[in-house]
Amino acid sequence: MDKSTFLKHILADEGLYCIVGIRKRKVIPFFFETVEEAVEKCEALLANENNVYFGCSKFGVAGNREAKNAKYMKAFWLDIDCGPNKPYLTQADGLRALQNFCVAVNLPKPTIVDSGYGIHCYWVLNEVIGYNDWKPVAAPARVKVPVPVVVEVSLTLSFRIRAMIYLIG
């Protein structure tokens with residue numbers, strides 16, 4: 001799955017894409033109307049050795065990636081941290097926990113991305129929902145729900161950990 005297909009798969013058609021470049025602790029968000037513009041920015045940021053992330057929701061207005069501007073959600077997501085001093089020592093441990101979680105709460109298999117050390121999981125919805133409908137369902141899965149977390153774009157190179165980020169499921 002290429003970047004464009006991946007972003008279209010997990011994000012709504014409505015709203016603005018948010019792509020975030022991070023280099024030397026400098027965080028710069030960019031907003032785009034089309035997936036083509038978003039992917040082009042991903043490539044440009046990668047060429048300059050930025051770590052590249054995307055907002056997990058689509059936004060109402062440019063320049064603001066706060067929860068109140070998260071307007072369109074097409075998925076629920078989890079970021080499973082793996083490695084030393086993380087909740088799961090290995091990705092295999094994280095995947096087993098994910099499988100147990102899905103069975104326990106009767107969830108289908110998610111789209112899974114290997115994030116280098118961890119695992120990003122996306123349960124894609126059949127229809128787009130707003131933040132107010134999304135939050136009560138997402139809230140029990142974590143202690144706090146700040147929303148639009150940004151996660152690394154599938155099929156990119158992470159300069160932070162020097163590893164490829166790719167779709168595994």
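1. Start with a bit of vocabulary: helices and strands here are DSSP runs, numbered from the N terminus. With that in hand, you can place Val105: look in the loop between helix 3 (91-104) and strand 6 (111-114). Keep in mind that you're looking at a predicted model.

2. Is Val105 buried or exposed? Neither, quite: partly exposed runs between 20% and 50% relative accessible area, and Val105 counts as partly exposed because its relative accessibility is 44%. Together with Phe101 and Leu107, Val105 makes a nonpolar surface patch of about 220 Å².

3. Now for the inside. The largest nonpolar core has 33 residues, and the ones touching the most other members are Leu7, Ile19, Phe54, Tyr122 and Trp134. Several elements give two or more residues to this core, including helix 1 (3-10), strand 1 (17-23), strand 5 (70-80) and helix 4 (131-138). Helix 2 gives the most, with six residues.

4. Don't miss the other core. It is separate from the largest one and has eight residues, among them Cys82, Ile119, Cys121 and Trp123.

5. Helix 4 is a nice one to turn around on your screen. Its buried residues are Tyr131, Trp134 and Ala138. Looking down the helix axis, you'll find these buried residues within an arc of 65 degrees, so they line one face of helix 4. What do they pack against? Strand 5 and strand 7.

6. Then check the face of helix 4 turned away from that buried side: there you'll find the exposed residues Asn132, Asp133, Pro136 and Val137.

Methods:
Residues are numbered from 1 along each chain as its sequence is written. This is a predicted model: local features need pLDDT of at least 70, side-chain atom pairs count only at pLDDT 80 or more; totals for chains, interfaces and linings use all residues. Side-chain values use heavy atoms; hydrogens and water are left out. A nonpolar core is a set of buried Ala, Val, Leu, Ile, Met, Phe, Trp, Tyr and Cys residues joined through side-chain atoms within 4.5 Å. Buried means under 20% relative accessible area, exposed over 50%, partly exposed in between (1.4 Å probe, protein chains only). Helices (H or I, at least four residues) and strands (E, at least two) are DSSP runs, numbered from the N terminus. The arc is that of the directions from the helix axis to the C-beta atoms. Contact means heavy atoms within 4.5 Å. Patches are made of residues with over 30% relative accessible area and no salt bridge: like charges are joined within 9 Å, nonpolar side chains (Val, Leu, Ile, Met, Phe, Trp, Tyr) within 5 Å. Accessible areas come from the Shrake-Rupley method with a 1.4 Å probe; for residues, only the protein chains shown count as cover. A salt bridge is a side-chain nitrogen of Lys or Arg within 4 Å of a carboxyl oxygen of Asp or Glu.
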